[in-house]
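Colleague: Before I use this model at the bench, I should like to understand the terms applied to it. Would you take me through them, setting each value against its definition?

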Amino acid sequence: MKIAVTYDNGNVFQHFGKTESFKVYEVEDNKVVSSEVISSNGTGHGALAGLLANQGIEVLICGGIGGGAQTALADAGIELCSGAQGDTDKAVEAYLNGELVSAGTTCDHHHHEEGHSCGEEGHSCGGSCGGGCGSQSTLKGRNVGKTCRTHYRGTFNDGTQFDSSYDRGEPLEFVCGAGQMIKGFDAAVADMEVGQIVDVHLSPEEAYGLPDPNAVFTLEIAQLPGSEDLTVGQKVYLSNQYGQPFPVKVLAKEEKTITFDANHEMAGKELNFRIELVEVK
């Protein structure tokens with residue numbers, strides 16, 4: 001079996017139609033035996049389904065994907081797992097373990113009144129992206145607007161490591177000031193020099209924000225088929241009325257209702273980063 005994942009610098013690329021690369025995994029006996037990165041060759045949207053079919057791909061794991069591309073994949077006989085985030089290797093591992101279920105066309109749990117659909121989440125986003133992204137607008141510095149490659153190690157105040165590009169062996173690449181990173185990380189890199197290493201301490205407001213009480217909501221189990229099998233603490237994907245997936249955690253479950261928390265798992269936490277600027281281009 002071959003599994004393809006939209007690929008960008010070790011992570012699941014979030015826009016299927018614009019992906020420039022796929023990481024293709026050869027799987028035997030439910031284990032990865034080899035992998036390689038292939039180019040999309042400039043092919044976009046629905047035509048990508050044909051490219052993947054010609055490669056013998058049976059499963060696609062991706063982030064966001066439009067309805068037309070979903071239909072094209074279905075017509076090509078390719079199974080879709082959308083709504084994935086973070087490290088591509090971990091996403092494939094979660095799929096093979098039965099822990100990654102699509103938030104897109106293969107998900108059949110729907111809550112029509114609120115527009116939610118449900119699918120399991122097999123992994124979570126790493127420490128340098130997620131809920132706090134997209135809010136940087138007035139950043140200044142020599143690297144703003146440029147593509148930066150950084151190594152980093154993220155820790156909590158007690159010294160526990162939650163993420164590290166060093167462990168993955170590949171720097172993180174992003175456009176500084178484009179809202180792809182949490183505010184404090186972006187700000188730290190904005191005026192660094194290549195080769196420089198800095199240590200930064202970020203407040204919750206500089207990282208993933210404070211928990212939002214409005215992000216905790218309760219639904220009727222009867223209106224969300226499949227939710228009767230969920231357990232407290234489980235991470236799943238819901239999708240909004242536009243079909244866009246977002247991760248939540250099961251906070252509580254009663255006989256007839258289930259409560260979800262859509263706050264980022266890092267919300268309210270102080271974070272520490274050691275950042276090394278490897279390259280600016």
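**Terms and values**

Colleague: Why does K23 count as buried?

Modeller: K23 has a relative accessibility of 13%. Buried means under 20% relative accessible area, exposed over 50% and partly exposed in between, computed with a 1.4 Å probe on protein chains only. The value for K23 is therefore in the buried class. Please note that this is a predicted model, in which local features need pLDDT of at least 70 and side-chain atom pairs count only at pLDDT 80 or more, while totals for chains, interfaces and linings use all residues. Residues are numbered from 1 along each chain as its sequence is written, and side-chain values use heavy atoms, with hydrogens and water left out.

Colleague: What makes the meeting of the D89 and K23 side chains a salt bridge?

Modeller: The term requires a side-chain nitrogen of Lys or Arg within 4 Å of a carboxyl oxygen of Asp or Glu. For D89 and K23 the N to O distance is 3.2 Å, so the pair meets the criterion. D89 belongs to helix α3 (residues 88–96) and K23 to strand β3 (residues 21–28), so the bridge ties together parts that are 66 residues apart in sequence. Helices (H or I, at least four residues) and strands (E, at least two) are DSSP runs, numbered from the N terminus. D89 itself is partly exposed, at 38% relative accessible area. Over the whole structure, the search finds 9 salt bridges.

Colleague: Which residues does the network around E173 join?

Modeller: One bridge pairs R149 with E173, their closest N and O atoms being 3.3 Å apart. R149 is in strand β9 (residues 147–155) and E173 in strand β11 (residues 172–175), so this pair ties together parts 24 residues apart in sequence. R149 is buried at 18% relative accessibility, whereas E173, at 29%, is partly exposed. The side chain of E173 also meets that of K281 in a salt bridge of 3.4 Å, N to O. K281 is in the segment after β17 (271–280), 108 residues from E173. Salt bridges with shared partners thus join R149, E173, E279 and K281 into one network.

Colleague: How do you know that the buried residues of α1 line one face of the helix?

Modeller: In helix α1 (residues 47–54), the buried residues are L48, A49, L51 and L52. Viewed down the axis of α1, they fall within an arc of 160°, so they line one face. The arc is that of the directions from the helix axis to the C-beta atoms.

Colleague: What makes the approach of N263 to D261 a polar contact?

Modeller: A polar contact is a pair of N or O atoms within 3.5 Å; within protein, one must be able to donate a hydrogen and the other to accept it, and residues adjacent in sequence count only if both atoms are side-chain atoms. The side chains of N263 and D261 are joined at 2.8 Å, so the distance satisfies the cut-off. The N263 side chain also reaches the backbone nitrogen of D212 at 2.7 Å. N263 is in the loop between β16 (257–261) and β17, and is buried at 18% relative accessibility.

Colleague: Is D29 called buried or exposed?

Modeller: D29 has 77% relative accessibility and therefore counts as exposed. D29 is in the loop between β3 and β4 (31–39), and has a positive phi near 55° although it is not a glycine.
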